[in-house]
Each structure stands twice: as structure tokens, then as C-alpha cells.
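Subject: Structure for your review

Dear colleague,

Please find below the structure that I am handing over to you. My findings follow directly after it.

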Amino acid sequence: MATRNTIILAAGKGTRMKSKLYKVLHRLCGKSMVDHVLTQVEKTNMDNVVTIVGYGAESVEEELGDRTKYVVQKEQLGTGHAVLQAEDLLADLDGTTMVVSGDTPLFTAQTFENLFKYHEDKQAKATILTSKAPDPTGYGRIIRNELGIVTKIVEQKDATADEATINEINTGVYVFDNQALFKALHQITNDNAQGEYYLTDVIEILKDQGDIVAAYQMADFYESMGVNDRVALSKATKIMQARINTAHMKNGVSMVNPDDTYIDVDVQIGADTIVEPGVQLKGNTVIGEDCFIGANSEIRNSTIHNGVTVTSSMIEDSEMMDGSNIGPDSHLRPQSLIGENVHLGNFVEVKKSEIGAGTKVGHLTYVGNAKLGKNINVGCGVVFVNYDGSKKHETTVGDDSFIGSNSNLVAPLNVADHSFIAAGSTITDDINQYDMAIARARQTNKAGYYKKLPYDAD
Ligand code: UD1
Ligand code: CA
């Protein structure tokens, strides 16, 4: 049976990143480079996906989980040596094997499909995916003979001055007849400028033994970009961001300035939502239709339903129901559930709390470990006092209650529905339905006292 396989090369250290983090684990738009590669590979129906790991093997395996098989390359002796490590797993199979690097995060599944198709049409033993680089420095160059047929790939460091002027580059993606690949890999040597076993040398070996070697030149160089250092990482991030934002705009999302809007690859946004500049939408955030996400808001791993307004606020691991609003300058910390049409105004912090439909928390308030019912009015400067220095405690407030400004609700506490807390109270005891609680020192007025003060009293 003809199989389709992919080998992802991810064993290198990535010295040029100058990082404690291994190269392929550097992230752009919410995912590591190697995860982006694997995600696209997964869309192309492979029988086997093998990732070659070495430096940081454990972290790479943790990152990708059981979505791929792994083979360890103990010493990083070059890309050819890396592929050879998959021999035990793959060498006997009939079929086609694609090789792709873990540091080329912008490739799309469509390009991989196009490459497979071209390879099949040409009945080739190997097909190289190439592109034309505005600046080919650092890439392997594609050498063609006078008939335009590919004869070999020359690495930057091994290139003659003439070869170095060629701008058709090796993208580092290839498809091979599987068995021809592993046979040829036994013939490569490390006799080159870097003393490495180059995968690229397989091309010349196959060509010299009379096999058909093809090259499929893709139109968009930027999709093929390799990331070896942080400058390239930032370029790749920009390209991916533009791609993500364009897709959202085509789906009906308005962006005031897409160049300054940062959306992770898995975020979903409904039509007619407007996203202002400086916004960051991260992780698995889902945003509904008709929302307004105002300037500089940051939303992480949260679900925002339809018609929600977020004004310059931060939302983490939380959910906001239809028609609710927040901000400016408010913060939902993890596990906050904000009901329909709730109003959260400015400088409001909510943590691990539920706020029922129609409730208003307008200004300067902290709600922590609390469950608020519907249609409650929370005044200005209210504190849900949830921490006694060692433990967190809970507060519940029933529907249609009124919490006066500058109150402290000291948990654990139960405030029944339809109850009233007078402004400035520090509440430590439960309150029953229809009761008013007032807990503050009574005011005393001293007649004429002003005149005793050393002020001009005329
Ligand atoms: C490689 C190609 C070059 C191509 C470029 C495209 C070779 C010899 N050169 O160069 O022609 O233009 O990619 O981006 O293949 N790796 C291992 N084990 C090793 C060495 C590398 O797993 O022993 C992995 C790295 O982690 C990386 C990938 O292989 O993901 C490519 O290695 P890298 O050193 O980045 O190759 P380039 O110099 O970019
Ligand atoms: Ca590279």
C-alpha cells in the first residue's frame, strides 16, 4: 500500500536565536513554530508523522503530545542525519515522504498538497519546494542545468560566488519516494563547509543515478520563510498576523488598524464585530457577533458572546454573556462569569465570581469569590472582602438588592434578595430579605465648631 508520511525536523538547538528556549518552541500568534508546522501537516491526511527531536526533546514532546511519533537524534550531525533517524519507522514503507523543518511556520496545507500533486504528476523520485527570495542569503541555492533541470542544492557556505547570486532557494520542504530517500541517505557524506550530513545532498545523488528530480516553485516566498533568529521571528509574526487579520476581515470583522491588532491563530470572531487598534486577542478566545472591542483591550482564553462592549480592559479565562459591557480600565480575572446586559464600569476588578443578568457595578469596585444575582446595583467603591489572610471566603447577594457606595462585604456572607445595604457600611452579618443593613458610626454635628478653628471665618 502506498503511504503518505511526513518527517518534521526539530532536533536543532537554534544557536542563532540566542535563547534558553529551543528554536522550534519559539511562539508566534499563540503557537510554537513546530506546532504551526504540525497543524498544517495534519490537514493533509498523512499515514505517519514522525518528528525528529534532540535538543529539548522532552519539551517538544510535551508541546506536541501524541499528535506525532518521535525519534531522537542524539547528536545533531545535520539534516540528512536527522532524517535517517526515522529509518526504523519508515524505511520499509511504499509511498511518499515529505520532509519539512520545524522552523518554517508559515507554510500552508494547500502548498503541501500542491507539492504532492506536482511530484505525482512529474512521476519524480524527489521534488523540492523552491521559491524566489528577494535576498537569498542563508538559504540553499537551487542549481539548474542549461535545460532548466535541477541538478543539486548548494548551501550558502559551500556556494561559489556565481552560485551565491542565484535567488531560487530551497525552502527546506521536499517530497521523496520513501525507499529511494532512505537508500540515498546512506550515501551522503559530511565533506562540506559545515562538516554536516546535508539532506540536500540526496538530490544530487538521485539525479546522478538517473532518477527524476523535480522542483516546484511556489509563488509566495514569504510563506516559505525559515526562522533562524529573532529578526526573522518578528518578520514571520508580522506576516502571520496579517494573514489572520485578513481572514477575519473577509469574514465580516471590522479592524480600524489591522497593522496594530494582534490576534492568535485559533481565535474566533463573529461578523460585524469591530476591533480597535492595540487590541490583543489570545489563546482560544471566542468573540461573538456585533461586539465592540475597544483600543488596547487584552482578552485571553475567554468567551465573549454577542453584542458585548469591551472598552480598554483586560479579560482572562472568563465569559461575558450577550449585551454585557465592561470598561474602561477594568479587569476580569480567571473564572468570572458575567451575565446578560451586566454593566461593569471603570476600575472594576472581578475574580472567580458570577454576576447575574442586568446587575450594575459602575465604579471602583472589587468583586472576589462572590455570586451576585440579577438586577443588583453595586455602588461606587464597594469591596467584597474575601481574604482573611490565610483563606478565601464566599459572598452571595440575592436578586434586586442594593449595595450602597463604599461598603465592605466581609465574607463569608449571605445577603438575601431584595435587601438594602446603606452606604459606608462594613457588613459582617447575613442580611434577610427586605431588610436594610446599616453599619457605620452615627454622625455627630458640633454647632459653631468652625469658629474655634484657626481659620479666617468671615
Ligand atoms: C536548511 C537547508 C537549506 C534551506 C533552509 C530552508 C540543509 C542542509 N539546508 O538550512 O538548504 O534553504 O533549511 O529554511 O538542509 N535539524 C535537525 N538536526 C540536525 C540539524 C538540523 O533536526 O542535525 C533541524 C533543525 O532543528 C531545523 C531544521 O532541521 O528545524 C533545519 O535546520 P537548520 O540548521 O535551520 O538549516 P538551515 O541552515 O536553515
Ligand atoms: Ca532553518
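Nine strands (DSSP E runs of at least two residues, numbered from the N terminus) make up an open sheet with parallel pairing, in the order 14-17-20-23-26-28-30-33-36. Strand 14 (268-269) and strand 36 (413-415) are at the edges with a single partner strand each, so one side of each has no neighbour in the sheet. Two strands count as paired if DSSP finds at least two bridges between them. Strand 28 (residues 354-355) pairs with strand 30 (residues 370-372) in the parallel sense over two bridges, and glutamate 354 has lysine 371 of strand 30 as its bridge partner.

This is a predicted model, in which local features need pLDDT of at least 70 and side-chain atom pairs count only at pLDDT 80 or more, while totals for chains, interfaces and linings use all residues. Residues are numbered from 1 along each chain as its sequence is written, chains are lettered from A and ligands numbered from 1 in the order in which they are written, and side-chain values use heavy atoms, without hydrogens and water.

Turning to the ligand, 24 residues surround ligand 1 (a heavy atom within 4 Å), and Gly12, Gln73, Thr79, Glu155 and Asn170 come nearest. Strand 10 gives the most to this shell, with three residues. Oxygen atoms of ligand 1 make polar contacts (N or O pairs within 3.5 Å): one lies 2.8 Å from a polar backbone atom of glycine 12, and one lies 2.7 Å from a side-chain N or O atom of threonine 79.

Yours sincerely

Notes:
Polar contact = N/O pair within 3.5 Å; in protein donor to acceptor, adjacent residues only side chain to side chain. Helix = DSSP H or I, 4+ residues; strand = E, 2+ residues; numbered from the N terminus.
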